[in-house]
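Please walk through this model with me, selecting one region at a time in your viewer and pausing at each stop. The tour begins with confidence, then moves through sheets, cavities and pockets.

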Amino acid sequence: MARRIAKAAVAAAAGVALFAAGGTNAARWFDDVTAKAGVSHKHTNRAFENPYAHIMSGYTALGASAAVGDFDGDGWDDVFVTDSQKTGKNRLYRNNRDFTFTDVAEQGGVANGNDARNASADALWFDCNGDGRLDLFVVRFGQSQLYENLGNGKFREITRQAGLTRYANSITSIAFDYDRDGDLDLFIGDYFQPVDLFNPNTPRFFPESFETANNGGGVTVFRNDGKGVFTNATAAAGIKISGWTLDLGHADADNDGDDDLYVAADFGTDRFFRNNGDGTFSDITEKAIGIDSKKGMNVDWGDFDGDGLFDIYVTNITDDYMREGNFLWKNNGNLSFTDVSRELEVHDTGWGWAAKFFDHDNDGWQDIYVVNGWVSAGKDSYVPDIFNMVIKPNLDFADARNWPPMGNKSLSGYQKKRLFHNEHGTGFRDTAPRHGIDSTRDGRGIAIADFDHDGRLDMFVSNANSEPFLYRNTAPAAHWIEFKLEGRKSNRQAIGAVVKVTAGGRTSSQFVNGGNGFASQSSLIVHQGLGAVATAEKIEILWPGGARQTFENLAANKIYKVVEGGAPSAWMAKR
């Protein structure tokens, strides 16, 4: 560790200069280490065995997710990866601290997330009972699972004891302390209605329209009692939505100390809920983002232009028959947002899924990686079939029998992934081809973490019906600083904490998020690139419990641990 940090400091200025001079023939900055790292197990889609299986196969090409979390408390981020087929095993990859991983899901008791009536869709690490250990929530079509971390590499399922036994077709979840009582609450996004997809008793479970469908699963809020027992508080919290939820994202949009909620909804408008600070939300969609009829797929928050306000990136569909375009919602500072995706050239990525803000070259600006593509199969296109269905008069879209079978046709398949480099807040340019990370596999999730503690952010990318990618970041070294936060009055994981770093006269804002990004969860360690600057002049931490702390003149190229109320200390994971 010490040698890597010293090497990074010496090479920082050279690394910044190299990027400025680099072109399409410059060296790649990401190495595909998937196979040698031991994480190349293939994801397989669920195959249905009901009267509508020939229709459903394409619309449920989901479930390839990756969730980063340090489950064993050794200071090194591990990864939980889902599969979806009936006999498929979920994977828990323990970090061996040498950029290899070992699957310990079976011995840990968390491998079995799929059976005849359940299919894994997503996963979330969060400390449900405040004991300092990351527990695991496996989101499923069917009945989701909550596993308590016992602290010895073992887990036990506590779904029933926790009050989470409802049947739903859940596709995403995040955790944050919306009522600021010091524990983490659970927000779950549901796609289909609570119909048994594996043996449906009705054919009317598809979206009723492409623009305004309100017959989806919506959003459920589970309030934590502090001991890991959850109560359905959706109505009390003021969350009322019945759309086809695909993703959820939280952040403090107005710097008032509590986190607000963005809901990306397929087949209907996205929703924006303001946190009122009293345990309730207000739906201010029309004022915040307006009413749309696009197909929101992903929610990630980040301060792309360095103005201290968190902006939002939402993927949509831009393809042969739907030219919708992604949203890059610039935060105006008054709980309204302006879409600047076209002006900054990040609107067209094809059929978008996960997208993540992260500073891949440590220049201090948030870049964006986007994965794309729905179903890559045979040479024939499914688009004409969809078009012929849409133009039929008085067609009941909700009836699955009216949808054409997909067979082996492709729909928005074989699309390249994008890495948008941030040009200091004035625009973005796609550098994915240069770095060899523009694969055409059907991407779903993106998990970001510094897996080897070298100060460079790596990526785990999940792909539907295919092998994942683990990309090790090998960019020329530049300065960086990282923070591992631990709450006391605030929730133990410090989810929602904002970290403002001032270096070289410029201030950048990051925060600890509880699972933002479609089919993804990234590291809880806050990372800030510093470029050629070797000292952070000022660090301000805004804790979710309301406390503020300020520190000065912290040296770069170190990981600092800060316990709420205490001073920062240089921190290294146990070897």
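Over which residues does pLDDT stay under 50? Select residues 1-24, where pLDDT stays under 50 and for which the model has 33 contacts beyond four places in sequence. This is a predicted model, and colouring the whole chain by confidence puts that stretch in context, since the chain averages a pLDDT of 93 and 95% of the residues score at least 70.

**Two open sheets**

Select next the five strands that form an open sheet in the order β5-β4-β3-β2-β32, where the pairing is mixed. The edges of this sheet are β5 (101-103) and β32 (520-521), and each has a single partner strand, so one side of each is left without a neighbour in the sheet. Moving in from the β5 edge, highlight β4 (residues 91-95), which pairs with β5 in the antiparallel sense over three bridges. To see one of these positions in detail, show Y93, whose bridge partner in β5 is D103.

Now turn to another open sheet, built from four strands in the order β22-β23-β24-β25, with antiparallel pairing. Here β22 (352-358) and β25 (428-430) stand at the edges with a single partner strand each, so one side of each is left without a neighbour in the sheet. Looking across the strands, you can follow a twist that averages 20° from one strand to the next. At the β25 edge, β24 (residues 418-422) runs antiparallel to β25 and is joined to it by three bridges; select F420 and you will find D430 of β25 standing opposite.

**Enclosed spaces**

Rolling a probe the size of a water molecule over the atoms shows where empty space is left. Searching the whole structure in this manner finds five cavities of 30 Å³ or more, and the largest cavity has a volume of about 390 Å³. To centre your view on the largest cavity, select F357, Q510, F511, N513 and I525, which are the closest to its centre among the 27 residues that line it. Then show the strands β18 (300-302), β22, β26 (443-449), β31 (506-511) and β33 (526-531), each of which supplies at least two residues of the lining of the largest cavity. Colouring that lining by residue class gives 12 nonpolar, eight polar and seven charged residues.

Go on to the second largest cavity, with a volume of about 270 Å³. Its centre can be found by selecting Y59, Y191, D266, F267 and W374, which lie nearest to it out of the 22 lining residues. How does the lining of the second largest cavity divide into nonpolar, polar and charged residues? With the class colours still on, you should see 20 nonpolar residues, no polar ones and two charged ones.

**Open pockets**

The next stop is the largest pocket, which has a volume of about 630 Å³. Thirty residues line the largest pocket, and those to select for its centre are D70, G73, G132, L134 and K484, the closest to it. Strand β29 (residues 479-486) is worth showing as well, for β29 gives the most to the lining of the largest pocket, with three residues. By class, this lining has nine nonpolar, 10 polar and 11 charged residues.

Finish at the second largest pocket, in which about 340 Å³ of space lies. Select N45, V375, S376, D442 and N465, which are the closest to the centre of the second largest pocket among its 20 lining residues. Seven nonpolar, nine polar and four charged residues make up the lining of this pocket.

Methods: Residues are numbered from 1 along each chain as its sequence is written. This is a predicted model: local features need pLDDT of at least 70, side-chain atom pairs count only at pLDDT 80 or more; totals for chains, interfaces and linings use all residues. Side-chain values use heavy atoms; hydrogens and water are left out. pLDDT is the predictor's confidence in each residue, from 0 to 100. Contact means heavy atoms within 4.5 Å. Two strands pair if DSSP finds at least two bridges between them. Axes are lines fitted to C-alpha atoms, for helices over the stretch in contact, and angles run from 0 to 180 degrees between N-to-C directions. On a 1 Å grid over the protein atoms alone, a cavity is a set of points where a 1.4 Å probe fits but cannot get out, and a pocket is an open set with protein on both sides within 12 Å along at least five of seven lines; lining residues have an atom within 4 Å of a point. Grid points are joined across faces, edges and corners, and a volume is the space filled by probe spheres set on the points. Ala, Val, Leu, Ile, Met, Phe, Trp, Tyr, Cys and Pro count as nonpolar, Asp, Glu, Lys and Arg as charged, and the others, Gly among them, as polar.
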